[in-house]
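User: I have a chain open on my screen and I'd like to go through it. Can you take my questions as they come?

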Amino acid sequence: MKGGGRKNLKRAIEEDNFTLEQGQSIMQVVDLRGSNLIQVMDAKGENSLAIFPAKFQKSMWIKRGNFVVVDESGREEAVESGRKVGCVVTKVLYFDQVRVLQKSAEWPEIFKSIAVESSKQDIVSQIEEDENSSDDDGLPPLEANTNRVNPFQMETESDSDTDS
């Protein structure tokens with residue numbers, strides 16, 4: 001029997017009250033390695049590789065700087081056996097969830113300054129984009145389509161031909 005599903009996945013995203021279980025920790029995405037591998041940084045500042053499960057693809061997207069909850073229960077075993085991947089992403093944290101967790105004791109100290117700076121930069125960039133946005137959005141003006149003959153122009157040309 002399969003567990004999960006999109007409906008349950010979306011319901012889990014909407015949960016605001018979230019607590020870390022044993023073996024889970026909050027990590028920041030450092031780099032996207034391709035396919036379903038991401039490089040994450042833990043609370044100690046150590047980088048490691050994590051798997052982004054296929055059930056999250058096409059329903060959750062991450063980018064550099066995002067925060068994720070990672071199950072690192074098998075991390076020591078992976079290092080001992082020589083495997084590079086030691087963690088599995090269990091949850092992607094969204095902006096509202098990050099704000100709630102920053103106020104709790106579960107939020108790592110190393111990420112407190114990073115999250116505050118990035119949120120300030122996001123707010124400033126959004127304000128600048130709103131001020132600079134116009135109807136054209138910086139695009140050049142559209143050129144006339146030369147593949148179609150405008151019917152209005154054809155009528156005026158035929159009228160001028162009959163007059164002469």
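Analyst: What follows is a short walk through the fold, the strands and some side chains.
Analyst: This is a predicted model, in which local features need pLDDT of at least 70 and side-chain atom pairs count only at pLDDT 80 or more, while totals for chains, interfaces and linings use all residues. Residues are numbered from 1 along each chain as its sequence is written, and side-chain values use heavy atoms, with hydrogens and water left out.

User: How many helices and strands does the protein chain have?
Analyst: The protein chain has 5 helices and 5 strands. Helices (H or I, at least four residues) and strands (E, at least two) are DSSP runs, numbered from the N terminus. Along the sequence the pattern reads α-β-β-β-β-α-β-α-α-α.

User: Which strands does strand 1 pair with?
Analyst: Strand 1 (residues 24-34) pairs with strand 4 in the antiparallel sense, over 5 bridges. Strand 1 is also joined by 5 bridges to strand 2 (residues 37-41), and those two run antiparallel. Two strands pair if DSSP finds at least two bridges between them.

User: Any residues I can click on?
Analyst: Try Ile26, whose bridge partner in strand 4 is Val69. For the other pairing, Gln28 stands opposite Met41 in strand 2.

User: And where does strand 3 fit in?
Analyst: Strand 3 (residues 47-51) is joined to strand 2 by 5 bridges, and the two run antiparallel. Val40 has Ser48 in strand 3 as its bridge partner. Strand 3 is also joined to strand 5 (residues 85-93), by 3 bridges, and here the strands run parallel. Leu49 stands opposite Val85 in strand 5.

User: What about the hairpins?
Analyst: The hairpin of strand 1 and strand 2 has 2 residues between the strands, and Ser35 takes a positive phi near 55° there. In the hairpin of strand 2 and strand 3, with 5 residues between the strands, Gly45 takes a positive phi near 90°.

User: Asp42 is in that second loop, I think. Is Asp42 buried or exposed?
Analyst: Asp42 does lie in the loop between strand 2 and strand 3. Asp42 is buried, with a relative accessible area of 6%. Buried means under 20% relative accessible area, exposed over 50%, and partly exposed in between (1.4 Å probe, protein chains only).

User: What is Asp42 in contact with?
Analyst: Leaving aside neighbours within four places in sequence, Asp42 is in contact with Met27, Arg75, Ile110 and Phe111. Contact means heavy atoms within 4.5 Å. Also, a polar atom of the Asp42 side chain lies 2.7 Å from the backbone nitrogen of Glu46.

User: Phe111 came up. How many aromatic pairs does the structure hold?
Analyst: There are 4 aromatic pairs. Rings of Phe, Tyr and Trp (its six-membered ring) pair if their centres lie within 6.5 Å; planes under 30 degrees apart count as stacked, over 60 as edge-to-face and the rest as tilted.

User: Why is the pair of Phe67 and Phe111 edge-to-face?
Analyst: The ring centres of Phe67 and Phe111 are 5.3 Å apart and the planes are at 65°, so the pair is edge-to-face. The pair links distant parts of the chain, with Phe67 in strand 4 (residues 67-71) and Phe111 in helix 4 (residues 109-132), 44 residues apart. Phe67 is buried, at a relative accessible area of 5%, and Phe111 is buried too, at 0%. Phe67, Trp107 and Phe111 form one aromatic cluster.

User: Last one: how much of the protein chain counts as buried?
Analyst: Of the 164 residues of the protein chain, 26% count as buried.

Methods. A polar contact is a pair of N or O atoms within 3.5 Å; within protein, one must be able to donate a hydrogen and the other to accept it, and residues adjacent in sequence count only if both atoms are side-chain atoms.
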